[in-house]
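The following report examines a protein–DNA model, taking the contacts with each strand in turn before turning to the cysteines and the relation between the copies.

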2 protein chains.
Amino acid sequence: MGERSVNLKALAAHLGLTVSTVSRALNNYPDISPATRKRVKQAADQLGYRPNQNARRLSIGTPETVCYLMPRQIGPNAQPFVAQLLAGLGEALNERNWDLLVSQADASVGDLASIERLVKSGRIAGLVISRPLKNDPRVKLMQSLGCPFVVHGRTEKSDDYAWYDVDGEDAFVTAVNHLARLGHRRIGFIGAPLQYQFAQERLDGYMRGLSHNGLAQAPELVQIAEFTDEGGTAAAGLLMDLAVHPTALVCVTDMMALGALEALHARGIMPGKDVSVIGYDGLHFGKHAHPPLTTMAQPQAHAGRRLGDMLLSIIDGADPTKFHELQRAHLVQRSTDGPVTGNAGQINVSEREDSR
Amino acid sequence: MGERSVNLKALAAHLGLTVSTVSRALNNYPDISPATRKRVKQAADQLGYRPNQNARRLSIGTPETVCYLMPRQIGPNAQPFVAQLLAGLGEALNERNWDLLVSQADASVGDLASIERLVKSGRIAGLVISRPLKNDPRVKLMQSLGCPFVVHGRTEKSDDYAWYDVDGEDAFVTAVNHLARLGHRRIGFIGAPLQYQFAQERLDGYMRGLSHNGLAQAPELVQIAEFTDEGGTAAAGLLMDLAVHPTALVCVTDMMALGALEALHARGIMPGKDVSVIGYDGLHFGKHAHPPLTTMAQPQAHAGRRLGDMLLSIIDGADPTKFHELQRAHLVQRSTDGPVTGNAGQINVSEREDSR
DNA sequence: TTGCGTGCCGAAACCGGTTTCGGCTAACGT
DNA sequence: ACGTTAGCCGAAACCGGTTTCGGCACGCAA
């Protein structure tokens, strides 16, 4: 209701000019006299004229929009990082007055088909993919469609597209190193399904950390579960019920680590004292866990911003293979890590009081 | 690069028909013979034709897009509910193949101006506003613009627009009732800045709960701070350092409650034993707090879906004032609530052992 | 045979902008 | 005084669809 917002035609009529003149005046074409340019611009923002973006973009030939593909799994333990990522993306896009679309693949259609529709319908100039699988079909699809995209995370072979990631392998080497230095020799791994590349990477890091410290790899020490707190509880339960249980646990996410803490409490085991636990993510909430969770924190404040800038560069024509940004996670020690103690029901190792 | 995706003209040429015929065939106009209709549709999805949405929407006259306005404050304690809300909104929109835009007001432009640009540029058919202020100028702006919108939350007077909210006042009455039943007579309130309507509502509920239980209102018992964990810690600190400190705290968000727990621990006070704490939100993380946080949980799983459906109805012409959906929060008891104990450094009340 | 619907498709206007091109006017040099 | 050249603006095509309208060809009844 009310009149439709003023369009170019109305503005032109109001000024006694043609639409083409007005358009060029507003877009700073050199063939418009300074006088009329000024007159046009004044009238424009006096009447509150805003160019219709659909029309403009149709004409321009670019949708001036990028899309963020939301990771599926939501539910009660929602993804806390989504908001931050969107904020960063939005910041990058705002500088150009581009729009940010979010899309979760329509369940009835399927991921791939839904992506294909999105790009073929000309709605988006680029796409952000989150948390890729080890061999993610979406990557190949986007490449075959010739549509610019960036990945938050990596796939198994990740040399021919742009990505931003935190080095999960390095992080888990660091975590294992830290635990080994505290005297732990039997370290359990709580992981996520290996179809996710991040899960594989972190497992690799765990393995490398083990051998780097001369520790044996025992298959029973790695437990895979869904990356929820319940998953962590279940996995930790299995590990602690082993004949000789580990004296430390590294967990693929903070959420799983929090779940692991529950399993320890349920068995009367004191995290950080009897058994060490290290998570991954650096979630703010970990500070309030019982006890406060030691974790490998990733610097994800800027992930969205970086991804946005990368994507825009690629849309501008830059070579996607040039953008590989690998950040490092760092250990934030809270209270769930500590030296190994003798009363752990397992091989007795010499107690040592490491300094913290 | 590559050929531009097939457009209507190409498809028509391929078929030896005109664009208008093909368009009408695809849109099931009755004046197209079943034979050619079928032929057209087959060719269309064989060539992978997808109508250009910018062009289509320009022609149709509606952007088929709604926008979610992200709440500003992000930072480390990101909004966990944003992802859930977006998922719900997306679900509702997907059924019509509408798009979901997210926008955080450009800091350099300002909320209002940025909203006005958004709707005047014809990009969106509706807007979702989150966490409104007591007297939120965005609501009036949208009304004066004549653009459909829904609000997640309410403002002070909320009868002339559509909203979905959880009854914070009722929730805090419930919380205070619960505490009073446990014997608490000196209950502190940890609140957020009262410019936010939700903060005011919950304070109102607290007050009503007090008088409903015949408890005195003491100004020093209500502390306002930023709604972060640090804010909660600070506010709780002030309250616990009072000459006669409260035996229970109700907090306006779970995040603040977690912060409050820190303040208690720092003073050697055992939450749930010496002093009760009740949060609000029902955050999943509260389960892993120390001790697990009792909270008023809001059923926000469906908020996004409901808001989306409401907004679409309004866009379809329904009366916005018809949509007022008020949900109730419910107490989820974990471990930070308990009967008042005598050793609390304050007026001795008769101990009573309430049943749990 | 003529006339008249009816079924089916093409022509063209339109959505609201952008951009190329051409022409008019005034100032300029010679 | 006259041709040239900027400077400035209008005309028109275009982006890729949708939708109204008109007309051709056919079948049917008179």
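How many residues surround DNA strand C, and which are the closest? The strand is surrounded by 28 residues, the closest being A:Leu8, A:Ser23, A:Ser59, B:Thr21 and B:Thr36, where a residue is near a molecule or strand if one of its heavy atoms lies within 4 Å of it. This is a predicted model, in which local features need pLDDT of at least 70 and side-chain atom pairs count only at pLDDT 80 or more, while totals for chains, interfaces and linings use all residues. Residues are numbered from 1 along each chain as its sequence is written, chains are lettered from A and ligands numbered from 1 in the order in which they are written, and side-chain values use heavy atoms, with hydrogens and water left out.

**DNA strand C**

Of the atoms of DNA strand C within 4 Å of the protein, 65% belong to sugar or phosphate, and the rest belong to bases. Polar contacts (pairs of N or O atoms within 3.5 Å; within protein, one must be able to donate a hydrogen and the other to accept it, and residues adjacent in sequence count only if both atoms are side-chain atoms) are listed below for both strands.

| Residue and its atom | Strand atom | Distance |
|---|---|---|
| A:Tyr29, side-chain N or O | phosphate oxygen, strand C | 2.7 Å |
| B:Thr18, side-chain N or O | phosphate oxygen, strand C | 3.1 Å |
| B:Ser33, backbone N or O | phosphate oxygen, strand C | 3.1 Å |
| A:Ser33, polar backbone atom | phosphate oxygen, strand D | 3.1 Å |
| B:Leu8, polar backbone atom | phosphate oxygen, strand D | 2.6 Å |
| B:Ala55, polar backbone atom | base nitrogen, strand D | 3.4 Å |

Helices are DSSP runs (H or I, at least four residues), as are strands (E, at least two), and both are numbered from the N terminus. On the surface near DNA strand C, α4(A) gives the most, with 5 residues. By class, that surface divides into 10 nonpolar, 12 polar and 6 charged residues, where Ala, Val, Leu, Ile, Met, Phe, Trp, Tyr, Cys and Pro count as nonpolar, Asp, Glu, Lys and Arg as charged, and the others, Gly among them, as polar.

**DNA strand D**

Around DNA strand D there are 27 residues, of which A:Thr21, A:Thr36, B:Leu8, B:Ser23 and B:Ser59 come nearest. Sugar and phosphate account for 65% of the atoms of this strand that come within 4 Å of the protein. The largest share of the surface near DNA strand D, 5 residues, is contributed by α4(B), and the classes there are 10 nonpolar, 12 polar and 5 charged residues.

**Cysteines**

Over all chains, a search of the whole structure finds 0 disulfides, a disulfide being a pair of cysteine sulfur atoms within 2.5 Å. A:Cys67 is in no disulfide, and its nearest cysteine sulfur, that of A:Cys147, is 9.5 Å away. Likewise B:Cys67 is in no disulfide, with the sulfur of B:Cys147, the nearest, at 9.5 Å. A:Cys67 counts as buried because its relative accessibility is 0%, given that buried means under 20% relative accessible area, exposed over 50% and partly exposed in between (1.4 Å probe, protein chains only).

**Relation of the copies**

Chain B can be laid on chain A with an RMSD of 0.2 Å by a turn of 180° and a shift of 0.1 Å along the axis, which is the relation of a two-fold axis. The superposition is by least squares on the C-alpha atoms of residues with pLDDT of at least 70 in both copies.
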